[in-house]
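Here is a walk through one protein chain and its ligand. Keep the viewer open while you read.

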Amino acid sequence: MGRMDRREFLERAGGFVAVAGFSGPFRLAEKLRDPRLRELDKLVQGDVLGLDDSGYAAARTVYSTRATTQPFAIVYAESVRDVQRTLLWARRHKLRIAPRSGGHSYGGYSLSTGVVVDVSRLHGIAVGQGNATIGAGAKLYDVVAALAQHGVTIPAGSCPTVGIAGLTLGGGVGYASRKLGLTCDSLQEVRIVTADGKLRIANAKVNPDLLWACRGGGGGNFGIVTSFRFRTHSVGPIAIYRAQWPWDQARKVVAAWAGWAPHAPDELFAVCDLIATDRRAAAPGPRLHVTSGGQFFGTPERLQALLQQLFAVAGKPTQLTVQAKTLLGAAQEWAGCRDAATCSAPERATFKAKSWYVRKKLPGPAIDVLVQSLELRAANPDLNRGAIYLDPMGGAINRVPKAASAFVHRDELVSIQAVAAWEATDPQRVADANLTAQRALADRLRPFVSGASYQNYIDPELAGWAHAYYGANLPRLARVKRRYDPGDVFRFAQSVPLHL
Ligand SMILES: Cc1cc2nc3c(=O)[nH]c(=O)nc-3n(C[C@H](O)[C@H](O)[C@H](O)COP(=O)(O)OP(=O)(O)OC[C@H]3O[C@@H](n4cnc5c(N)ncnc54)[C@H](O)[C@@H]3O)c2cc1C
């Protein structure tokens with residue numbers, strides 16, 4: 001069928017550019033290096049790259065091509081000690097510090113003008129009895145694949161190259177979340193280097209306020225996490241589905257989905273996507289798609305029965321597949337890749353995302369706004385690819401009390417994310433048109449949304465971002481910040497403030 005998963009949407013349109021990544025040091029002659037870099041070189045075991053080193057451009061590369069900050073230094077930490085020494089070195093030289101795991105921050109916040117502490121080499125995964133210890137630099141595909149070998153999992157996001165650190169620290173939503181909760185809900189312990197250079201353990205008994213903050217309080221705020229310990233989950237059979245309808249049924253399908261998916265049994269996480277594909281794509285077929293896909297912890301037969309409830313209101317899809325999958329097979333399906341090599345290839349995209357939550361049933365006029373936004377996109381020659389991703393909340397996500405972890409969004413029904421994508425080589429006019437369209441959509445949706453926003457879809461231009469991301473948990477987060485980072489060492493444009 002005309003498969004169009006979320007990652008593939010960007011990839012198919014050519015928005016993803018595979019990048020080589022950094023594989024080794026190609027450094028400037030020692031005597032030409034900045035003395036601060038020479039000092040750091042001596043302090044750490046890992047590679048240190050400065051602006052003039054030839055490996056620098058690859059090392060600086062992050063997922064968003066719009067993130068252009070040029071760090072003074074990038075350090076590939078080989079150990080906790082490297083992290084500690086880099087941090088203290090940066091403080092001595094009054095340099096900003098940004099930790100980096102998978103580099104997928106929408107705002108490019110894992111780059112700083114000072115030093116990037118890249119933890120990607122701290123990627124070990126050890127699976128124990130009912131738990132797993134995961135290095136802060138592990139990518140989601142490696143996590144899911146390693147756990148699947150032991151027949152267990154943790155709820156995680158669907159993009160295979162997202163880092164476990166950014167995902168967990170900001171929440172972590174994925175196809176298992178209505179059954180197993182967010183990634184941060186399975187977090188039991190972190191090891192974190194705080195602003196004073198100390199390695200601290202935070203769990204239910206030791207530094208519990210720091211663990212609380214690391215469960216959804218956002219990446220880059222309280223220190224540099226070096227490893228996470230998660231509770232693991234054993235799961236039974238898994239079935240997945242993908243369905244597609246003609247565009248003229250889009251409103252009906254979204255309304256039917258909104259009345260069904262957030263209230264379905266916890267075992268089901270069913271998304272709904274409105275997509276405008278690349279008008280220059282070679283593949284034939286309609287430009288505007290309305291699709292739904294989901295993962296069910298149960299048999300294909302039981303999933304088929306649940307889907308009949310959706311189809312009774314939405315109308316029968318023109319294309320439908322329902323399949324049994326293994327844990328890894330399901331992850332590969334949503335990631336749009338097939339093995340370790342294809343699932344680990346680093347990628348980039350040029351895009352602008354905005355996101356909202358809806359606390360009540362999605363009203364008809366809001367659905368009109370969403371559908372029209374893609375129709376406007378299809379009609380405007382300066383706009384090309386775009387998508388509206390609708391995720392169901394509810395289930396295990398909403399059973400956690402708001403104050404139990406820093407992740408406050410526990411009473412929302414639907415998450416809406418609008419993504420506009422273009423090419424890095426497009427003229428500025430195209431970028432501007434996309435940004436204007438995204439802002440116009442935000443204005444038109446405002447009357448229908450809750451005002452909250454998911455901190456992992458971090459949006460540098462969001463007004464009132466601190467309240468939107470953290471709501472009633474913001475004062476407690478600021479207290480934790482004052483306790484562990486009183487000098488605001490971990491500071492970026494949208495870091496948790498010391499004082500409100
Ligand atoms: C293609 C794509 C798909 C996505 N899919 C999902 C999804 O399915 N579900 C979902 O919930 N989210 C999803 N996201 C959002 C994702 O969760 C966030 O972008 C997340 O912050 C990325 O984490 P990272 O480690 O890859 O990014 P980074 O850019 O490395 O880090 C993100 C933030 O965390 C900080 N940070 C990184 N490492 C550490 C550390 N060791 N200690 C402390 N702070 C650290 C950084 O400084 C930065 O502020 C997706 C994003 C993209 C680009």
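The text below goes from the whole chain to its domains, then to the core and the ligand.

This is a predicted model. The protein chain holds 17 helices and 18 strands. Its C-alpha trace spans about 70 × 50 × 45 Å along the principal axes. How does the radius of gyration fit a compact globule? For 500 residues, such a globule would have a value near 23 Å; the protein chain has 22 Å, so the two agree. Burial can be read alongside this: 52% of the 500 residues count as buried. Contacts also reach along the sequence. Take those with a separation of 6 or more: 73% of them join residues 24 or more positions apart.

Now split the chain. The domain assignment gives three parts: domain 1 (20-60 + 72-118), domain 2 (125-234) and domain 3 (236-470). Domain 1 comes in two segments, 20-60 and 72-118. The centres of domain 1 and domain 3, taken over C-alpha atoms, are separated by 36 Å. Still, these two domains touch: five residues of domain 1 are in contact with six residues of domain 3. On the domain 1 side, the touching residues are two nonpolar and three polar, with no charged ones.

Next, the interior. In soluble globular proteins, nonpolar side chains tend to be buried together. Here the largest nonpolar core has 147 residues. Which of them touch the most other members? They are Val 75, Cys 214 and Trp 257. Strand 13, residues 268-276, gives the most to this core, with eight residues. Zoom in on Cys 214. Set aside its neighbours within four places in sequence. Cys 214 is then in contact with Leu 169, Leu 187, Val 190, Ala 202, Phe 222 and Val 225.

Last, the ligand. It is surrounded by 33 residues. Which residues are the closest? Gly 102, Gly 157, Gly 163, Gly 166 and Gly 219 are. Three elements give two or more residues to this shell: strand 3 (97-100), helix 6 (164-170) and strand 10 (224-231). Helix 6 supplies the largest share, five residues. What is the make-up of the shell by class? There are 15 nonpolar residues, 17 polar residues and one charged residue. The shell also links back to the domains. Domain 1 and domain 2 each give at least three residues to the shell around the ligand.

How values were computed:
Residues numbered from 1 in each chain as written. Predicted model: local features only at pLDDT ≥ 70, side-chain atom pairs only at ≥ 80, totals over all residues. Core = buried A, V, L, I, M, F, W, Y, C linked by C-beta atoms within 7 Å. Buried ≥ 20, exposed ≤ 12 C-beta atoms within 10 Å, placed from the backbone. Helix = DSSP H or I, 4+ residues; strand = E, 2+ residues; numbered from the N terminus. Contact = placed C-beta atoms within 7 Å. Near = placed C-beta within 6 Å. Nonpolar A, V, L, I, M, F, W, Y, C, P; charged D, E, K, R; others polar. Domains from an automatic or database assignment. Rg over C-alpha atoms; globule rule 2.2 N^0.38 Å.
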